[in-house]
Amino acid sequence: MLKNRIGLIFILVLSLLLRLISINQSLWLDEATSVLTTFYTLPDLFTKFLPSDFHPPFYYLVLHFWVGVFGVSELSLRMISLISSLGIVFVTYLIGEKVANKKVGIIASSFSATSGLLIYYSQEARMYSLATFLISISVYFLITKNWRGFGIAYFFALFTHYLSFLMLPVFVIYVFIKRDRKDIKRFAVTLILIGLASTVFAPLFIKQLLSGLSVRENAPGWWNILGKTSFHEVAIFPAKFIFGRISFENKYLYATLTAFCGIVYSSLVIYALPKIRKIDLMSKTLLFWLLIPILTASIIGLVIPVFSYFRLLFVLPALYLLISLGVSKLEAKLGYAAICLVLFINISSSLIYLTNTRFQRENWRGAVDYISLNSSGKVATVFVKDSQKEAYNFYLSKKTDINKQCNEGFFSLCNYKIVQTVNLENLDASYNTVWLMRYVQDIFDPGDTARIKVEELGYEKKSEHDFNGVIIWKYENSN
């Protein structure tokens, strides 16, 4: 008992330490969108922002109040996801202990603690870690017959991430396979209450759905990369679940390693299922948790682009639990070797991500620093779409704050030039320097209209700069 507690504490401490490494990296565009929501009043959040976004309100509400207490910084903004990720590790242990024993719980939680994908999203100011935690705790409350806890957790999961509804068939199958009339009635009542509570948000959901579907006509390039079911998306699922957000330049090596690890992981999952007679229902439930959301999302993704591995992060604990069940049934030496292999893959891929900036987020902070320190005279930064500006504007406001402190005497040296953005239609030939943002240009500006206009106005390209995907071209006035 004491040994297991010490082991769990060690795993949680390790989880925290891994998740703190590089957590201060630059926010990327979607995270800046999360930040933007914190500046809305609550009425404006629901009437002006959410109708044009396709995410439920709960995460944004939590972030809104969190920032009000802890402020706006990279660390503060990501703490909700970090805490949620630690919760995932702990709940994975609880589920493993419940469906099998403490050994399975320890193994599964150690896999969750070191998972490259879970670590990545523990460092992102978005809703995916929180949704994964809420789904995991929903599963735990379900199998422990805590119906009040299940109802609350699943309701908030649904209003954190809409794809949480893909877990509903899993829950239904579990309850009806058990054939316990009392449980069926309590489950039905819980779902009815969730349904009634959800009607409050039905008008918002309809607006969001219509807005999301309009992207197909208004921004077809964006629609095509949002998550349409394709061979590429199907193939990338096992790679990202196994290795996280890293990849290899040699695609044949990447594919070979993914295939090898995929075979090992699948073998462990298959080995887990027929050998555990007394917890057969539990092991089947874990399998349904893993497969049903992926299969359902892949079908929906043929029509609506929702099929992306990060949107289905909440099935990853099920994979680790199944692998742990398989490992626990192997002979001691073979089981130990399997645990070491999974941990080696997890820790290696995690450390590569954490220490190599190439695999980290878009460096908008570095881009704004560079522009601010390398501009003089009349300067403009040009974007094609307003939706590209959010991360730039966030870090530009940081520079404005620093300059204000400089003017008030807090710093002895102030080098930052605040370079405001200019809409393409308002650009003229009066600027000394133009910084042209080429961020995902093929999607936002497939006709390359921004470059054409800048060059037609007489500006001459001088240099290119790449800040981990944030590509900038520097132009100077040739007149």
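What is the volume of the largest cavity? Keep that question in mind while loading the structure, which is a predicted model, and let the cavity be the opening stop of the tour.

**The cavity**

Select Val384, Gln388, Met437, Arg438, Gln441, Asp445 and Ala450, the residues that line the largest cavity. The space they enclose has a volume of about 30 Å³, and the structure holds one cavity of 30 Å³ or more. If you colour the selection by residue class, the lining of this cavity separates into three nonpolar, two polar and two charged residues. Keep Met437 highlighted, since this lining residue also belongs to strand 3, whose residues are 433–437.

**The sheet**

Now show the strands as a cartoon. Five of them form an open sheet, in the order 2-1-3-5-4 and with mixed pairing. At its edges are strand 2 (421–423) and strand 4 (459–467), each of which pairs on one side only. From one strand to the next the twist averages 30°. As background for reading the cartoon, strands of a sheet pair through backbone hydrogen bonds, in either the parallel or the antiparallel sense.

Begin at the edge with strand 2 and step to strand 1 (residues 379–383): these two run parallel and are joined by three bridges. To find a matched pair here, select Val382, which stands opposite Val422 in strand 2. Moving on to strand 3, you will see that strand 1 pairs with strand 3 in the parallel sense as well, over four bridges, and that Thr381 has Trp435 of strand 3 as its bridge partner.

Stay on strand 3 and display its side chains. Are its residues buried or exposed? Five of its five residues are buried, and the strand is mostly covered. In a regular strand, side chains alternate between the two faces of the sheet. In strand 3, Thr433, Trp435 and Met437 point one way, while Val434 and Leu436 point the other way, and all are buried.

The next step across the sheet goes to strand 5 (residues 470–477), which runs antiparallel to strand 3 and is joined to strand 3 by five bridges. Select Thr433 to see an example, as this residue stands opposite Glu476 in strand 5. From strand 5, follow the backbone back to the loop between strand 4 and strand 5, where Asn468 is found. The phi angle of Asn468 is near 55°, a positive value in a residue other than glycine, and the residue is partly exposed, with a relative accessible area of 27%.

**Salt bridges**

Switch to charged side chains, among which the structure holds 15 salt bridges. While strand 4 is still in view, select Lys462 and Glu460, whose side chains meet in a salt bridge at 3.7 Å, N to O. Lys462 is partly exposed at a relative accessible area of 45%, and Glu460 likewise counts as partly exposed, at 40%.

For a contrasting setting, select Arg361 and Glu31, whose side chains meet in a salt bridge, also at 3.7 Å, N to O. Arg361 lies in the loop between helix 18 (332–355) and helix 19 (364–373), whereas Glu31 lies in helix 2 (residues 29–37), so the pair ties together parts that are 330 residues apart in sequence. Arg361 counts as buried at 4% relative accessibility, and Glu31 is buried with a relative accessible area of 0%.

One further pair to select is Glu97 and Lys102, whose side chains meet in a salt bridge at 3.0 Å, N to O. Glu97 is partly exposed, with a relative accessible area of 25%, and Lys102 is partly exposed with a relative accessible area of 25%.

**Two stops among the helices**

Select helix 5 (residues 74–99) and pick out Val89 within it. Val89 is buried, with a relative accessible area of 0%. With the distance tool, connect its C-alpha atom to that of Phe187: the two residues are 98 residues apart along the chain, and these atoms are separated by 26 Å.

Finally, go to the loop between helix 8 (128–143) and helix 9 (147–158), which is the place of Lys145. What is the phi of Lys145? It is near 60°, a positive value in a residue other than glycine. Lys145 counts as partly exposed, at 39% relative accessibility.

Technical notes: Residues are numbered from 1 along each chain as its sequence is written. This is a predicted model: local features need pLDDT of at least 70, side-chain atom pairs count only at pLDDT 80 or more; totals for chains, interfaces and linings use all residues. Side-chain values use heavy atoms; hydrogens and water are left out. A salt bridge is a side-chain nitrogen of Lys or Arg within 4 Å of a carboxyl oxygen of Asp or Glu. Buried means under 20% relative accessible area, exposed over 50%, partly exposed in between (1.4 Å probe, protein chains only). On a 1 Å grid over the protein atoms alone, a cavity is a set of points where a 1.4 Å probe fits but cannot get out, and a pocket is an open set with protein on both sides within 12 Å along at least five of seven lines; lining residues have an atom within 4 Å of a point. Grid points are joined across faces, edges and corners, and a volume is the space filled by probe spheres set on the points. Ala, Val, Leu, Ile, Met, Phe, Trp, Tyr, Cys and Pro count as nonpolar, Asp, Glu, Lys and Arg as charged, and the others, Gly among them, as polar. Two strands pair if DSSP finds at least two bridges between them. Axes are lines fitted to C-alpha atoms, for helices over the stretch in contact, and angles run from 0 to 180 degrees between N-to-C directions.
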